[in-house]
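This report looks at selected backbone features, helix packing and nonpolar cores. Please keep the sequence and the structure at hand while reading.

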Amino acid sequence: MHGEYKVPGGKLVVVDLDVEEGVLRRVRVAGDFFLEPDEAILAIDRALEGAPADTGAAGLAARIDQALPPGTEMYGLTTEGIGVAVRRALAHATDWTDYDWQLVHEPPQAPALHMALDEVLTAEVAAGRRPPTLRVWEWGAPAVVIGSFQSLRNEVDGEAAERHGIEVVRRISGGGAMFIEPGNTITYSLSVPDALVQGLSFTDSYAYLDDWVLGALGDMGIKAWYQPLNDIATDAGKIAGAAQKRVVGGEGAVLHHVTMAYDIDADKMTDVLRIGREKLSDKGTKSARKRVDPLRRQTGLPREAVIDRMIASFRGRYGLTEGRITEEELALAKDLAETKFATPEWTARVP
């Protein structure tokens with residue numbers, strides 16, 4: 001069995017192993033990390049040898065911690081990361097480069113249709129009718145997108161939204177409300193087979209699926225990092241929020257979508273969103289204006305250039321071919337937008 005895991009902000013860990021009579025055998029850990037002293041790598045292999053195959057990543061990490069020589073130093077490597085790589089080997093997890101990725105970047109769509117497209121395309125990936133897909137959104141209208149479980153009236157000032165001509169839609173994933181204006185936001189979705197995140201905890205899957213965009217931002221001169229559970233942050237503040245939804249059926253799939261602030265009208269946002277003092281205090285800030293630091297200021301690049309560089313970074317890492325939404329997928333999404341995502345029953349399902 002073979003498993004790979006790139007430690008967030010670190011290096012690649014590769015594990016090869018067998019399982020005999022329910023325990024790990026012939027374990028070999030490798031990778032492009034740095035480790036001192038040399039004999040520590042042998043201690044890691046010995047610590048994993050004979051471990052019950054149902055041991056979780058934390059339990060495997062504990063075995064390694066106890067076995068490491070005094071003074072061991074790791075660079076780009078953690079014992080938890082080794083545990084995750086083992087679990088991915090046992091789960092027969094796939095890697096990014098195992099797939100032929102498709103890019104979908106089409107003209108602006110209505111907010112409700114975007115919600116529907118996420119559900120439809122991810123279901124198609126689960127069913128094996130669509131390859132893993134990176135979809136970059138273009139917004140046809142301003143919107144507030146609330147999480148699947150948020151209270152509509154607690155999150156949105158309906159009168160202010162109507163006054164500003166802002167549509168309110170509810171997505172299928174959890175998380176918080178996002179304030180959207182065309183041209184001021186960069187949103188993308190990853191629709192990936194469930195096998196890609198096998199062996200990862202829910203939290204680890206966020207970091208794993210966000211890693212490529214951290215590299216893309218780094219190429220643009222932005223030092224960014226994953227901030228659990230679902231934020232991407234820099235020294236200047238939060239720049240993006242992520243959310244996920246597991247889709248059942250077929251082989252299963254995961255929807256991972258991210259909204260990034262390129263530019264923002266903070267006054268309008270705080271007029272429409274009910275951002276309470278408690279929520280702001282949790283973020284360590286005193287004003288909503290400081291909660292999101294736009295990409296425009298940090299990159300100095302036009303929005304379109306930021307998107308182009310993100311796409312180029314993904315293509316350079318994993319390969320990416322141009323694709324499109326099929327007529328069948330679009331028909332399904334339009335029907336779903338009309339019967340679900342544009343209805344008051346769905347939008348106000350948590351009043």
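## Cis peptide bonds

In this predicted model, L229 is found in the loop between strand 12 (225-227) and strand 13 (231-234), and the peptide bond that joins P228 to L229 is cis, with omega about 0 degrees.

A cis peptide bond also joins E36 and P37, again with omega about 0 degrees. E36 belongs to strand 4 (residues 34-36), whereas P37 lies in the loop between strand 4 and helix 1 (40-48). At 46% relative accessibility, E36 counts as partly exposed, because that class runs from 20% to 50%. Leaving aside residues up to four places away in sequence, E36 touches G71, T72 and E73; with E73, which is 37 residues apart from E36 along the chain, the C-alpha separation is 5.2 Å.

## Positive phi angles

Which residue of strand 3 has a positive phi although it is other than glycine? R26, which lies in strand 3 (residues 23-31), has a phi near 55 degrees, and at 43% relative accessibility R26 counts as partly exposed.

H92, which is not a glycine either, has a positive phi of about 55 degrees. H92 is found in the loop between helix 3 (79-90) and strand 6 (102-105), and its relative accessibility of 56% places it in the exposed class, since exposed means over 50%.

## Packing of helices 4 and 12

Two packed helices are described by the angle between their axes and by the distance between those axes. For helix 4 (residues 111-127) and helix 12 (residues 327-341), the angle is about 125 degrees and the axes are 8 Å apart. Helix 4 is therefore oblique to helix 12, as this angle falls neither within 65 to 115 degrees nor over 145. The crossing of helix 4 and helix 12 is right-handed.

On the side of helix 4, the residues that meet helix 12 are A112, L113, M115, A116, L117, E119, V120, L121 and E124, and their counterparts in helix 12 are E329, L330, L332, A333, K334, L336, A337, K340 and F341. Sorted by class, the contact of helix 4 with helix 12 comprises 13 nonpolar and five charged residues, with no polar ones.

## Packing of helices 7 and 11

Helix 7 packs against helix 11 (residues 303-318) at an angle of about 120 degrees, and their axes are 9 Å apart. This angle makes helix 7 oblique to helix 11, which helix 7 passes in a right-handed crossing. Helix 7 contributes D211, W212, V213, G215, A216 and D219 to the contact, while helix 11 contributes M310, S313, F314, R317 and Y318. The residues of the contact between helix 7 and helix 11 divide into six nonpolar, two polar and three charged.

## Nonpolar cores

In soluble globular proteins, nonpolar side chains tend to be buried together. Here the largest nonpolar core has 69 residues, and those with the most contacts inside it are W96, W101, L190, W212, M260 and M310. Helix 7 (residues 202-219) supplies the largest share of this core, nine residues. Apart from the largest core lies another, of 22 residues, among them M115, A143, V145 and W346.

What does W101 touch, not counting residues up to four places away in sequence? The neighbours of W101 under that condition are W96, P132, T133, L190, S191, V192, L196, F314, Y318, G319, L320 and T321.

Conventions: Residues are numbered from 1 along each chain as its sequence is written. This is a predicted model: local features need pLDDT of at least 70, side-chain atom pairs count only at pLDDT 80 or more; totals for chains, interfaces and linings use all residues. Side-chain values use heavy atoms; hydrogens and water are left out. A nonpolar core is a set of buried Ala, Val, Leu, Ile, Met, Phe, Trp, Tyr and Cys residues joined through side-chain atoms within 4.5 Å. Buried means under 20% relative accessible area, exposed over 50%, partly exposed in between (1.4 Å probe, protein chains only). Helices (H or I, at least four residues) and strands (E, at least two) are DSSP runs, numbered from the N terminus. Contact means heavy atoms within 4.5 Å. Axes are lines fitted to C-alpha atoms, for helices over the stretch in contact, and angles run from 0 to 180 degrees between N-to-C directions. Angles under 35 degrees count as roughly parallel, over 145 as roughly antiparallel, 65 to 115 as roughly perpendicular and the rest as oblique. A crossing is left-handed if the near helix is turned anticlockwise from the far one by less than a right angle, and right-handed if clockwise. Ala, Val, Leu, Ile, Met, Phe, Trp, Tyr, Cys and Pro count as nonpolar, Asp, Glu, Lys and Arg as charged, and the others, Gly among them, as polar.
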